[in-house]
Amino acid sequence: MFHGPPNPYGFTTFQNITCDFVEPDPADPIGGTTPKFHCLYTQPDGSKLKLKIKYDQQYNPVYDWGNGNEEVYASVISQRLLWATGFGSDHTVPVQVTCRNCPIEPWTYIQVKQGYDSEDLASGWMSARLIDSGKYEMKVAELPLPSAVIYLKFDEYVNGDAIEYTTSASNETSTGFGWPELFSLAYEGASNDDASTQTTARDALTVIAALISHVDNFDGNQGFICLDTGATVSAQKTKSSCKGQPFAYIHDVGGTLGYGWKLTHLNFWPNYMDLKQWLEVSVWGDAKQCAVHVNGIPGCSWNGNQRVSDAGRALAARLLAQLSEAQLRDLFSAARANLMRGDSVDDWLSGFQSKLQKDVLQFQCAN
């Protein structure tokens, strides 16, 4: 759990990485609202690898303006929990980065180059005073970012291709799915036993998604991949052309481990990586209906209750119960959970164990 799944590039937890800043391309924007940038890394064999680096700018020693990036920490915990229980996700490797020829605040620099300004709230995490002073153009020879992660897609860990499919509701081709679509799937050609097994696994994934409070569940944050079993996939990569094993997984779980969406007069951003708030949210929205619950971001695919089977809850419980206390401690240590909001690794460990016992291991659906 400390090192996570092996990745094809050999990156390890807390490794020191030196790379060269890649200028943003307005024609191909990096996307998202949390601080990140592309960096060119020279591999041991001399070849170049473009990395996506997400970072917490509150530990920027050159320009510190205080806002933390919760996704740097939450992504490590939630992704490794999904991996350890047999489900799929993109992965992040916690590292320390030295960015050469880097702007003093990379994300603000990138957003301005991509057309945002200091008045654009949608850009997120930007420094208005940096823009107004023109200092966002300043670059340094080496910018140390001690709290960062390398973001690697799921298909960089497994041999497979993304599956495009046509939704029945909109008749549009997509590689992402929402929770209603996941629950509307028919397991064509499967025996009754196989279909029941797949339904139970789907429900277990849904329980774990509720446990980690996966509130950023827009369609683009989940997807299907065709795992290679020796057969080829046609160029169209449609669901019907997958000759291997279709596999549903979650792309991005950085927006997890908090209350989720809560609109107040003081805050209109979703809450992530917040132990106190996360512990106050129950996994279950309606025990009588066996319905799990998330406070999803408005407009996402799942906001509210989703019914599951008790067999799915039981499967999630069996998978999570296999994680030892030592493994969980390694998980929170690797994520550097103590750097966000002042809660220690021990706080996160005891809080997680308490919530797991109450909401999953000891819970049984009323139906």
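Is Val-95 buried or exposed? Val-95 is buried, with a relative accessible area of 0%. That residue is my starting point this morning, and I should say at once that the model before you is a predicted one.

Let me first give the general outline. The protein has 367 residues, of which 51% count as buried. Nine helices and 13 strands are assigned. Among contacts with a separation of 6 or more, 70% are between residues 24 or more positions apart.

I return now to Val-95. Its place is in strand S4. Ile-17 is 78 residues from Val-95 along the chain, yet the two C-alpha atoms are separated by 7.0 Å. With neighbours within four places in sequence left aside, the contacts of Val-95 include Thr-12, Phe-14, Gln-15 and Ile-17. A further group of its contacts runs through Leu-145, Pro-146, Ser-147, Ala-148, Val-149 and Ile-150, and Arg-336 is also in contact with Val-95.

Two of these partners deserve a remark on their backbone. Phe-14, in the segment before S1, has a phi near 70°, which is a positive value in a residue other than glycine. Its relative accessibility is 30%, so Phe-14 counts as partly exposed. Arg-336 is likewise not a glycine and has a positive phi, of about 55°. This arginine lies in the loop between H8 and H9. At 9% relative accessibility, Arg-336 counts as buried, because the limit for that class is under 20%.

I turn next to the charged residues. Side chains of opposite charge can pair when their charged atoms come close. In this model, the count comes to twelve salt bridges. I shall describe three of the pairs and then one network.

The pair of Asp-20 and Arg-100 has its closest N and O atoms 2.9 Å apart. It links distant parts of the chain, since Asp-20 is in strand S1, residues 15-21, and Arg-100 is in strand S4, residues 91-103, with the two positions 80 residues apart. Strand S4 is also where Val-95 is found. Both members of the pair are partly exposed: Asp-20 has 27% relative accessibility, and Arg-100 has a relative accessible area of 31%.

In the second pair, the side chains of Asp-274 and Arg-341 meet in a salt bridge at 3.6 Å, N to O. Asp-274 lies in the loop between strand S10 (245-250) and helix H6 (275-280), and Arg-341 in the loop between helix H8 (325-334) and helix H9 (345-361), so this bridge ties together parts 67 residues apart in sequence. Asp-274 counts as buried, at 11% relative accessibility, whereas Arg-341 is partly exposed, with a relative accessible area of 40%.

The third pair is Asp-346 with Arg-329, whose closest N and O atoms are 2.3 Å apart. Asp-346 is in helix H9 and Arg-329 in helix H8, so the bridge ties together parts that are 17 residues apart in sequence. Asp-346 has a relative accessible area of 45% and is partly exposed. Arg-329 is partly exposed as well, with a value of 31%. Apart from these pairs, Lys-54, Glu-71 and Asp-252 are joined into one network by salt bridges that share partners.

Which side chain of opposite charge is nearest to Asp-216? It is Lys-54, at 7.8 Å; Asp-216 is buried yet has no salt bridge, because a bridge would need a side-chain nitrogen within 4 Å of a carboxyl oxygen. Lys-54 is itself a member of the network I have just described. Asp-216 lies in the loop between helix H5 (192-211) and strand S9 (222-227). Beyond its neighbours within four places in sequence, Asp-216 is in contact with Asn-221, Gly-255, Tyr-272 and Ile-297.

My last topic is internal space. The count comes to one cavity of 30 Å³ or more, and the largest cavity has a volume of about 30 Å³. Its lining consists of Ala-210, Leu-211, Ser-213, Trp-278, Val-281, Ser-282, Val-283, His-293 and Lys-355. By class, the lining divides into five nonpolar residues, three polar and one charged.

To close, I would direct your attention in the structure to two residues: Val-95, with its relative accessible area of 0%, and Asp-216, buried yet without a salt bridge.

Definitions and conventions: Residues numbered from 1 in each chain as written. Heavy atoms only, no water. 1 Å grid on protein atoms, 1.4 Å probe; cavity = no way out; pocket = protein on both sides within 12 Å on 5 of 7 lines; lining within 4 Å. Points joined across faces, edges and corners; volume = space filled by probe spheres on them. Nonpolar A, V, L, I, M, F, W, Y, C, P; charged D, E, K, R; others polar. Helix = DSSP H or I, 4+ residues; strand = E, 2+ residues; numbered from the N terminus. Buried < 20%, exposed > 50% of the residue type's maximum accessible area, 1.4 Å probe, protein only. Lys, Arg positive; Asp, Glu negative; His and termini not counted. Contact = heavy atoms within 4.5 Å.
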